[in-house]
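Visitor: I should like to take a close look at a single part of this model, namely the open sheet and what packs against it. Please describe how that part is built and what surrounds it.

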Amino acid sequence: MPGSESSVYEARYPWTPFQLLGGAWTGRLVAFRVDDRGVTLGGAPARHAGQTAFVPWHDVSAVVLWQQETAALTPMRYVGLRRRPGAPALPGPNASLSRDRTTRLAPHIDHDLFLASRHINLWTLDRERLVNALRAFAPQVPLEEVGQNGADG
């Protein structure tokens, strides 16, 4: 696709001590990426290689922005993927959470979406650039925003 490189959306973590200790000082770690092949969900900086997941477009039915209420003053923000039924399990920081646990943490989010989500922490999500990347690479994939009550909005 001509000019598609400019449509790639990529957010990276800032440099962390984990990178220096782990020998990964050649570049900043990818937190989230949308390109012509699909979506990359980066792992937590301390376990990046083992938790990073790539999801091809044929497995993605929606990109979802959602929040988890906590005792903190601001909710935890997430980006996640609704995936086709039967898509393979993904590695990630949420991979070992049970359905009961995800329901307790975020009752408005279904279990599979929770497992295919990443906390927006130590990096910033640029919604406009994300929308542009989705239009360029997967116009059939909507961007959904789910409120705490489970409704879009």
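Guide: In this predicted model, four strands form an open sheet in the order β1-β2-β3-β4, and their pairing is antiparallel. Its edges are β1, residues 9-12, and β4, residues 53-56, each of which pairs on one side only. Direction ignored, neighbouring strands of the sheet are turned against each other by 10° on average.

The edge at β1 can be followed residue by residue. Strand β1 runs antiparallel to β2 (residues 30-34), and four bridges join the two. Ala-11 has Phe-32 of β2 as its bridge partner, while Arg-12 stands opposite Val-30 in β2. In a regular strand the side chains alternate between the two faces of the sheet. Strand β1 shows such an alternation: Tyr-9 and Ala-11 point to one face and are buried, whereas Glu-10 and Arg-12 point to the other face and are not buried.

A helix accompanies these two strands. Helix α6, residues 127-137, lies across β1 and β2 and runs at about 45° to β2. Its buried residues are Leu-130, Val-131, Ala-133, Leu-134 and Phe-137. Viewed down the axis of α6, these buried residues fall within an arc of 160°, so they line one face of the helix. Glu-128 and Arg-135, on the other side of α6, are exposed. At the start of the helix, a side-chain oxygen of Asp-126 comes to within 3.2 Å of the backbone nitrogen of Glu-128.

Sheet and helix both contribute to the largest nonpolar core. This core has 29 residues, of which Tyr-9, Phe-32, Val-34, Trp-57, Trp-123, Leu-125 and Leu-130 touch the most other members. At least two core residues come from each of β1, β2, β3 (38-41), β4, β5 (60-68), β6 (76-83) and α6. Helix α6 supplies the largest share, four residues. A second, separate core comprises nine residues, among them Ala-62, Val-64, Tyr-78 and Val-146.

Within the largest core, Leu-125 links several of the parts already described. Residues up to four places away in sequence not being counted, Leu-125 touches Tyr-9, Phe-32, Leu-65, Arg-77, Val-79, Ile-120 and Leu-130. Of these, Tyr-9 is one of the buried residues of β1, and Leu-130 is one of the buried residues of α6.

Strand β6, a contributor to the same core, also holds Arg-83. With a relative accessibility of 23%, Arg-83 counts as partly exposed. The side chain of Arg-83 reaches the backbone oxygen of Pro-88 at 2.8 Å. Apart from neighbours within four places in sequence, Arg-83 is in contact with Val-55, Asp-59, Ser-61, Pro-88, Ala-89, Leu-90 and Ala-116. Among these partners, Val-55 lies in the range of edge strand β4, residues 53-56. Arg-83 and Leu-113 are 30 residues apart along the chain, and their C-alpha atoms are separated by 7.8 Å.

One further site may be added for its surroundings. Thr-102 is found in helix α4, residues 99-105, and at 0% relative accessibility it counts as buried. The side chain of Thr-102 reaches the backbone oxygen of Arg-99 at 3.1 Å. Beyond its neighbours within four places in sequence, Thr-102 is in contact with Leu-97, Pro-107, His-111, Phe-114 and Leu-115.

Note on methods. Residues are numbered from 1 along each chain as its sequence is written. This is a predicted model: local features need pLDDT of at least 70, side-chain atom pairs count only at pLDDT 80 or more; totals for chains, interfaces and linings use all residues. Side-chain values use heavy atoms; hydrogens and water are left out. Two strands pair if DSSP finds at least two bridges between them. Axes are lines fitted to C-alpha atoms, for helices over the stretch in contact, and angles run from 0 to 180 degrees between N-to-C directions. Contact means heavy atoms within 4.5 Å. Buried means under 20% relative accessible area, exposed over 50%, partly exposed in between (1.4 Å probe, protein chains only). The arc is that of the directions from the helix axis to the C-beta atoms. A polar contact is a pair of N or O atoms within 3.5 Å; within protein, one must be able to donate a hydrogen and the other to accept it, and residues adjacent in sequence count only if both atoms are side-chain atoms. A nonpolar core is a set of buried Ala, Val, Leu, Ile, Met, Phe, Trp, Tyr and Cys residues joined through side-chain atoms within 4.5 Å.
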